[in-house]
Amino acid sequence: MSERSVSRAKQEKRWYTVLAPEQFDRQELGETPADEPEKVYGRTIETTLGELTNNASENNTKLTFKITDVGSDSAYTEFTEHSLTRDYLRSLVRRGASKIEAYITVLTTDDYRVQIQPVAFTTKKADASQEKAIRETMVDMVEDAAAERSFEELIDGVVEGRLSSAIYGEAKTIYPLRRVEIQKATLEAHPEEVAEEEATSVDVDDEDITADD
């Protein structure tokens, strides 16, 4: 390709302003270039909660968004992941104390499938039965939260710390806790994907029944 052709290709690229979802007030996340709008779809952009709230104390929370729609000069996103930085999680670990994790996959009221990963840090070493009880409490409370909330409401509770605070309040009665965090929350499937999986599962079950007859 000649230098002139390369220059023309660069000129033809358009910059799209990437915007956060409405629940994050459509804040600007950055810009992304493309020579065709179709090439912008599916791109991901990572930021911190601190950058969105202009609060440096929240820079230990990472948020990932994926572009799902493109306008004339803007690209619109959906939330895909919330996670805490490794350095922050490492700073919470104390020698001689327990770190209790759970991995919970839930369906929200509007049929989004989400995996939530809470983690509790005790003040001292808990015994196995106490760790089990704390883990069961985390699982129950995350499942209850999802059963009562839409995807957006559940993610708001995670990002704003309400879910971790609720778990802390309940689980500290089992054994003294230093902190509870949601270390990760990931969008696993949209409602249409969940419905398709369920339909496929039903088809398989029907075939099994027919085969047994």
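These questions and answers cover strand pairing, salt bridges, surface charge and backbone angles in a predicted model.

Reader: Which residue in strand 2 stands opposite Val18?

Author: Start with the strand pair. Strand 1 and strand 2 run antiparallel and are joined by six bridges. Within this pairing, the residue opposite Val18 is Gly30.

Reader: Do strand 1 and strand 5 pair in the parallel or the antiparallel sense?

Author: Strand 1 also pairs with strand 5, over three bridges. One facing pair is Thr17 and Ser74, the latter in strand 5. The sense of this pairing is parallel.

Reader: Which residue in strand 4 is the bridge partner of Thr47?

Author: Strand 3 spans residues 44-48, and strand 4 spans residues 61-70. They run antiparallel, with five bridges between them. In strand 4, the partner of Thr47 is Leu63.

Reader: How many bridges join strand 4 to strand 5?

Author: A hairpin of three residues connects the two strands. One bridge sets Ile67 against Thr77 in strand 5. Strand 5 covers residues 74-84 and runs antiparallel to strand 4. The number of bridges joining them is nine.

Reader: How many salt bridges does the structure hold?

Author: Side chains of opposite charge can pair when their charged atoms come close. One example here is Lys39 with Asp35. Another is Lys125 with Glu131. The count for the structure is ten.

Reader: What is the N to O distance between Lys39 and Asp35?

Author: Lys39 has 42% relative accessibility, so it counts as partly exposed. Asp35, at 37%, is partly exposed too. Their side chains meet in a salt bridge with an N to O distance of 3.0 Å.

Reader: In the salt bridge of Lys125 and Glu131, is Glu131 buried or exposed?

Author: The two side chains meet at 3.5 Å, N to O. Lys125 counts as exposed because its relative accessibility is 54%, and exposed means over 50%. Glu131 has 17% relative accessibility. The cut-off for burial is under 20%, so Glu131 is buried.

Reader: How many residues apart are Arg113 and Glu188?

Author: Arg113 and Glu188 form a salt bridge, with their closest N and O atoms 3.4 Å apart. This pair links distant parts of the chain: Arg113 lies in strand 8, and Glu188 lies in strand 9, residues 177-189. Glu188 is partly exposed, at 37% relative accessibility. The separation along the chain is 75 residues.

Reader: Which residue is linked with Arg113 and Glu188 in a network of salt bridges?

Author: Arg113 and Glu188 already form a salt bridge. The network takes in one further residue besides this pair. That residue is Glu197.

Reader: Which residues form the negative surface patch?

Author: Patch members need over 30% relative accessible area and no salt bridge. Asp111 passes the area cut-off, because its relative accessible area is 38%. The patch is formed by Glu22, Asp25, Asp110, Asp111, Glu152, Glu153 and Glu198.

Reader: What is the phi of Asp111?

Author: Asp111 sits in the loop between strand 7 (104-107) and strand 8 (113-122). Most residues other than glycine have a negative phi. Asp111 is not a glycine, yet its phi is positive. The value is about 70°.

Reader: Where is Arg26 found?

Author: Arg26 also has a positive phi, near 50°, in a residue other than glycine. Its relative accessible area is 36%, so Arg26 counts as partly exposed. Arg26 is found in the loop between strand 1 (14-19) and strand 2 (28-34).

Reader: How many of the nine residues of helix 5 are buried?

Author: Helix 5 runs over residues 151-159 and is mostly covered. The buried residues are Phe151, Leu154, Ile155, Asp156, Gly157, Val158 and Val159. The buried count is seven.

Reader: Which residue with a positive phi follows helix 5?

Author: Helix 5 covers residues 151-159. The residue in question has a phi near 85°. The residue is Gly161.

Technical notes:
Residues numbered from 1 in each chain as written. Predicted model: local features only at pLDDT ≥ 70, side-chain atom pairs only at ≥ 80, totals over all residues. Heavy atoms only, no water. Patch = residues over 30% accessible without salt bridge, like charges linked within 9 Å, V, L, I, M, F, W, Y side chains within 5 Å. Areas by Shrake-Rupley, 256 points an atom, 1.4 Å probe, with all protein chains shown as cover. Salt bridge = Lys/Arg side-chain N within 4 Å of Asp/Glu carboxyl O. Lys, Arg positive; Asp, Glu negative; His and termini not counted. Charge placed at Lys NZ, Arg CZ, Asp CG, Glu CD. Helix = DSSP H or I, 4+ residues; strand = E, 2+ residues; numbered from the N terminus. Buried < 20%, exposed > 50% of the residue type's maximum accessible area, 1.4 Å probe, protein only. Pairing = 2+ DSSP bridges.
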